Amino acid sequence: MNLDYTYLDCLALLGVGGAHPGGLGLTKDILSKETIDKTTSVLDIGCGTGQTAAHIATQYNCQVSAIDNNRTMLEKAKERFFSLQLPIELQQANAENIPYQENVFDIVLSESVLSFTDVSKTIQEAHRVLKPNGILLAIEMTLDVHHSKKHLEEIKSFYGVPQLLTEFEWIIAFQKGGYNHINIEKHEIQFNENNADDAADFSLSEDIDYEYFTILKEHENLANVYKDILGFRIFRCSK
Ligand SMILES: C[S@@+](CC[C@H](N)C(=O)[O-])C[C@H]1O[C@@H](n2cnc3c(N)ncnc32)[C@H](O)[C@@H]1O
């Protein structure tokens with residue numbers, strides 16, 4: 001299928017919040033296991049429309065910074081932070097080149113972001129900006145069953161990801177990036193229509209080309225076709 005827009009363009013124009021497996025519900029669950037108080041500094045890389053950053057600032061009243069390289073995502077995040085009156089520092093930046101000095105953050109969060117970048121560069125950058133006991137929390141797509149090259153290329157090309165890593169390859173990448181302890185959790189998504197955290201969070205742009213809905217449909221289709229091949233893991237990496 002030849003499309004003029006990428007999957008990430010589609011997420012940005014539709015303003016999809018919580019655009020990672022498990023959504024806000026899983027985010028809350030992961031964060032609840034960490035020690036976070038008002039002295040904690042958190043960086044959300046690839047923050048999208050800012051749902052997670054807003055949740056952290058509201059829930060923990062701590063210092064939250066967020067970056068994304070997509071202008072549309074940033075505009076939507078900015079609107080969200082403004083309407084909620086949250087003092088979140090937001091910047092347009094590449095996660096492969098994080099615009100902060102070393103040893104600044106207690107937690108760096110990557111919710112379905114590393115996969116879209118040069119993994120080794122971004123992992124090293126997160127390591128650089130983390131404090132000595134800092135933690136990288138990453139929810140990332142994994143290749144769970146090897147498949148034909150043709151199908152893997154189809155997945156990579158649709159999502160615009162430079163690589164599709166197995167759990168083992170992720171571990172190697174985190175180790176090479178300097179992390180000493182890597183904890184991995186496999187999580188089955190359970191959608192609960194009565195749970196507000198599972199509710200769709202959209203911030204639509206005006207005049208959305210019909211092709212974007214084709215991309216969403218194709219995402220649903222691929223997710224279904226490759227459901228036994230693709231999974232995701234929660235990686236908790238400490239320095
Ligand atoms: C699947 S979305 C996830 C957004 C958000 N973390 C969430 O869970 O809703 C991936 C996000 O990563 C951002 N992104 C991709 N590559 C990036 C890069 N190199 N630097 C910064 N942000 C990037 C995209 O613009 C998009 O907002």
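**Ligand site and annotated domain**

In the UniProt record, an unreviewed entry, residues 43–137 carry the annotation "domain: Methyltransferase type". The model described here is predicted. Helix makes up 36% of the span 43–137, and strand makes up 29%. The C-alpha atoms at its two ends are 10 Å apart.

The ligand occupies the second largest pocket. Its surroundings comprise 20 residues. Those that come nearest are Ala19, His20, Gly46, Asp68 and Ala95. Sorted by class, the shell holds 9 nonpolar residues, 9 polar residues and 2 charged residues.

Polar contacts to the ligand involve both side-chain and backbone atoms of the protein. His20 contributes through its side chain, where an N or O atom is 2.5 Å from an oxygen atom of the ligand. His20 is also one of the residues that come nearest to the ligand. Gly18 contributes through its backbone, with an N or O atom 3.3 Å from a ligand oxygen atom. At Asn69, a polar backbone atom lies 3.3 Å from a nitrogen atom of the ligand. The protein buries 96% of the 590 Å² that the ligand exposes when taken alone.

Methods
Residues numbered from 1 in each chain as written. Predicted model: local features only at pLDDT ≥ 70, side-chain atom pairs only at ≥ 80, totals over all residues. Heavy atoms only, no water. Near = heavy atom within 4 Å. Polar contact = N/O pair within 3.5 Å; in protein donor to acceptor, adjacent residues only side chain to side chain. Areas by Shrake-Rupley, 256 points an atom, 1.4 Å probe, with all protein chains shown as cover. 1 Å grid on protein atoms, 1.4 Å probe; cavity = no way out; pocket = protein on both sides within 12 Å on 5 of 7 lines; lining within 4 Å. Sits in = over half its atoms within 2 Å of the grid points. Nonpolar A, V, L, I, M, F, W, Y, C, P; charged D, E, K, R; others polar. UniProt positions renumbered as here; feature names shortened; annotations may be inferred. Helix = DSSP H or I, 4+ residues; strand = E, 2+ residues; numbered from the N terminus.
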